[in-house]
Amino acid sequence: MTALASVPDEFASVLTGHATALELSDGGHCPMEPDRWRDRAAGGDHWLLDRCHGPTLDLGCGPGRLVQALRLRGLPALGVDKSDQAIAQCDDRGVPVRRADIFTSLPDEGRWDHVLLADGNIGIGGDPVALLRRAATLVRAGGSVLVETAPGRRGLWRGAARVRGGVHSGVLGQWFAWAEVGVDAIVGVALRAGLRVAEQGALAGRGFARLGLVHGG
Ligand SMILES: C[S@@+](CC[C@H](N)C(=O)[O-])C[C@H]1O[C@@H](n2cnc3c(N)ncnc32)[C@H](O)[C@@H]1O
């Protein structure tokens, strides 16, 4: 298996279970849950799954539990991840996945019914407005971008993160751009990306929003 040329794999040690926290550049920490990612979809995942009714693209899918659950529901679904570790774990599960950076060309752009940004993935790239603009190019008119907001965070936070073995354990990676979007900030962030919040909700301690295109949806 060939790694994507010169693409950093920041989450490799999380995906293998060796790291369970992100250290944020504001001094905070964000727990990572690789055991939950590797498990079957459960709990709050159902908020996302229950809003998918057609072809779904999971951006930063990790080991692919959401793709697996959607396909078990009979829905077409594809994961995208740039990490070799994620690709290997998806392959082990037998779920379809594309090895790619989500900011590069992806299959069926503009034709997906739903795009998922789960488990903090709205932080990918460190600029949630740019990320949501990118997600908006992937869905069809009338489709939705389903996102998870950060528990315990107020407002939009942009900075850097690095992977640690645990909150009090050693650093396992370099700083990379990261962001968090609190439940109170998602309306403004979405609007700046040309999206509107159609629904917000919470399940099992996790917060979510369903976004639609302001024009054409
Ligand atoms: C916070 S983890 C989320 C894990 C995932 N949602 C799951 O269920 O396991 C972030 C994931 O996004 C992937 N990722 C980060 N930046 C990416 C990018 N620019 N393009 C594609 N995948 C990316 C990482 O490799 C990692 O698997």
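# Exercises on a predicted model

Gly74 is exposed, with a relative accessible area of 61%. That value, like the others below, is computed from a predicted model. Let us begin with this glycine and then work inward.

## Exercise 1: Place Gly74

Task: Find where Gly74 lies relative to the helices and strands, and describe its backbone.

Solution.

- Step 1. Locate the residue: Gly74 belongs to the loop that runs between helix H4 (65–72) and strand S4 (77–81).
- Step 2. Check the backbone: Gly74, just after H4, has a positive phi of about 85°.
- Step 3. Look across to Pro55: its C-alpha is 10.0 Å from that of Gly74, with the two positions 19 residues apart in sequence.
- Step 4. Turn to the helix before the loop. H4 is mostly covered, with 6 of its 8 residues buried. Those buried residues are Arg65, Leu66, Val67, Gln68, Ala69 and Leu70.

## Exercise 2: A glycine in strand S4

Task: Decide whether Gly79 is buried or exposed, and list what it touches.

Solution.

- Step 1. Gly79 is found in strand S4.
- Step 2. Its relative accessible area is 0%. The cut-off for buried is under 20%, so Gly79 is buried.
- Step 3. Leaving out residues up to four places away in sequence, Gly79 touches Asp58, Cys61, Val67, Pro96, Val97 and Arg98. Val67 is also one of the buried residues of H4.
- Step 4. For a longer reach along the chain, take Leu116: it is 37 residues from Gly79, and their C-alpha atoms are 9.4 Å apart.

## Exercise 3: Follow the aromatic rings

Task: Classify the ring pairs that involve Trp178.

Solution.

- Step 1. Start with the total: the structure has 4 aromatic pairs.
- Step 2. Take Phe11 and Trp178. Their ring centres are 5.5 Å apart and their planes meet at 55°, so this pair is tilted.
- Step 3. Trace the two along the chain. Phe11 sits in the segment before helix H1 (12–15) and Trp178 in strand S9 (residues 176–181), so that the pair links distant parts of the chain, 167 residues apart.
- Step 4. Now take Phe176 and Trp178, with 5.9 Å from centre to centre and 80° between the planes: this pair is edge-to-face.
- Step 5. Put the pairs together: Phe11, Phe176 and Trp178 form a cluster linked by ring pairs. Phe11 and Trp178 are both buried, and Phe176 is buried as well.

A ring can also face a charge. At Trp47, the charged end of Arg51 sits over the ring, 3.8 Å from its centre.

## Exercise 4: Map the largest nonpolar core

Task: Work out which elements build the largest nonpolar core, and which one gives the largest share.

Solution.

- Step 1. The core has 30 residues, and those touching the most other members are Leu57, Leu59, Leu132, Val145, Val147, Leu195 and Leu211.
- Step 2. Two or more residues each come from strand S3 (56–59), S4, strand S6 (112–117), helix H6 (128–138), strand S7 (139–149), helix H7 (186–192) and strand S11 (206–213).
- Step 3. H6 gives the largest share, 6 residues.
- Step 4. Zoom in on Leu59. Beyond its neighbours within four places in sequence, its contacts are Val80, Ile102, Leu106, Val115, Leu116, Leu117, Asn121, Ala135 and Leu138.
- Step 5. A separate core of 20 residues lies apart from this one, including Ala41, Leu48, Ala118 and Phe208.

## Exercise 5: An arginine in helix H6

Task: Describe the surroundings of Arg134 in H6.

Solution.

- Step 1. Consider the helix: 8 of the 11 residues of H6 are buried, so the rest of the structure largely encloses it. The buried ones are Pro128, Val129, Leu131, Leu132, Arg134, Ala135, Ala136 and Leu138.
- Step 2. For Arg134 itself, the relative accessible area is 13%.
- Step 3. Find its polar partners. The side chains of Arg134 and Glu109 share a polar contact of 2.8 Å, and a polar atom of the Arg134 side chain lies 2.8 Å from the backbone oxygen of Ile102.
- Step 4. Complete the list: residues up to four places away aside, Arg134 touches Ile102, Phe103, Thr104, Ser105, Leu106 and Glu109.

## Exercise 6: Test the cysteines

Task: Explain why Cys52 and Cys90 are not bonded to Cys61.

Solution.

- Step 1. Recall the cut-off: a disulfide needs sulfur atoms within 2.5 Å.
- Step 2. For Cys90, the closest cysteine sulfur is that of Cys61, at 3.9 Å, which is too far for a bond.
- Step 3. For Cys52, the closest is again in Cys61, at 14 Å, also too far.
- Step 4. Cys52 is buried at 6% relative accessible area, and Cys90 is buried at 1%.
- Step 5. Across the whole structure, the search finds 0 disulfides.

Notes: Residues numbered from 1 in each chain as written. Predicted model: local features only at pLDDT ≥ 70, side-chain atom pairs only at ≥ 80, totals over all residues. Heavy atoms only, no water. Phe/Tyr/Trp six-rings, centres within 6.5 Å; stacked < 30°, edge-to-face > 60°. Helix = DSSP H or I, 4+ residues; strand = E, 2+ residues; numbered from the N terminus. Buried < 20%, exposed > 50% of the residue type's maximum accessible area, 1.4 Å probe, protein only. Lys NZ or Arg CZ within 6 Å of the ring centre and 35° of its normal. Core = buried A, V, L, I, M, F, W, Y, C linked by side-chain atoms within 4.5 Å. Contact = heavy atoms within 4.5 Å. Polar contact = N/O pair within 3.5 Å; in protein donor to acceptor, adjacent residues only side chain to side chain.
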